[in-house]
Amino acid sequence: MATKAAYECPVCHEELEDGEQMEEHLLRTHPKKKLATFVATETVTREEEGVSE
Ligand SMILES: [Zn+2]
């Protein structure tokens with residue numbers, strides 16, 4: 001049986017605690033600079049994947 005789905009932080013792959021908000025975790029755990037780098041990397045990867053199609 002599948003257990004209750006837990007949210008996983010896309011940046012650090014840590015499971016969020018029950019009731020913890022993703023936004024809350026991101027703001028508290030990760031500095032803005034790290035989040036910006038993560039988003040930029042994700043976006044570039046997607047664009048590169050799109051071009052090869
Ligand atoms: Zn995290």
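Is glutamate 20 buried, partly exposed or exposed, and how many other C-beta atoms lie within 10 Å? In this predicted model, glutamate 20 is partly exposed, with 14 other C-beta atoms within 10 Å, a count that falls between the cut-off of 12 or fewer for exposed residues and that of 20 or more for buried ones. The chain as a whole has 53 residues, of which 0% are buried, and its secondary structure consists of two helices and zero strands.

**Segment before H1: the two glutamates**
- Glutamate 20 belongs to the segment that precedes H1, and its C-alpha lies 9.0 Å from that of tyrosine 7, although the two residues are 13 residues apart in sequence.
- Glutamate 17 is also placed in the segment before H1, where its C-alpha is 8.3 Å from the C-alpha of tyrosine 7 at a sequence separation of 10 residues.
- Glutamate 17 is classed as exposed because 11 other C-beta atoms lie within 10 Å, and the cut-off for that class is 12 or fewer.

**Segment before H1: histidine 13**
- Histidine 13 sits in the segment before helix H1, which spans 22-29, and it is exposed, with 7 other C-beta atoms within 10 Å.
- The phi of histidine 13 is near 60°, which is a positive value in a residue other than glycine.
- As background to that angle, most residues other than glycine have a negative phi.

**Loop between the helices: histidine 30**
- Histidine 30 is located in the loop that runs between H1 and helix H2, the latter covering 32-51.
- With 16 other C-beta atoms within 10 Å, histidine 30 is partly exposed, because that count lies between the limits of 12 or fewer for exposed and 20 or more for buried.
- Once its neighbours within four places in sequence are set aside, histidine 30 is in contact with Val11 and Leu35.
- Histidine 30 and cysteine 12 are 18 residues apart in sequence, while their C-alpha atoms are 8.9 Å apart in space.

Methods. Residues are numbered from 1 along each chain as its sequence is written. This is a predicted model: local features need pLDDT of at least 70, side-chain atom pairs count only at pLDDT 80 or more; totals for chains, interfaces and linings use all residues. Helices (H or I, at least four residues) and strands (E, at least two) are DSSP runs, numbered from the N terminus. Two residues are in contact if their C-beta atoms, placed from the backbone, lie within 7 Å.
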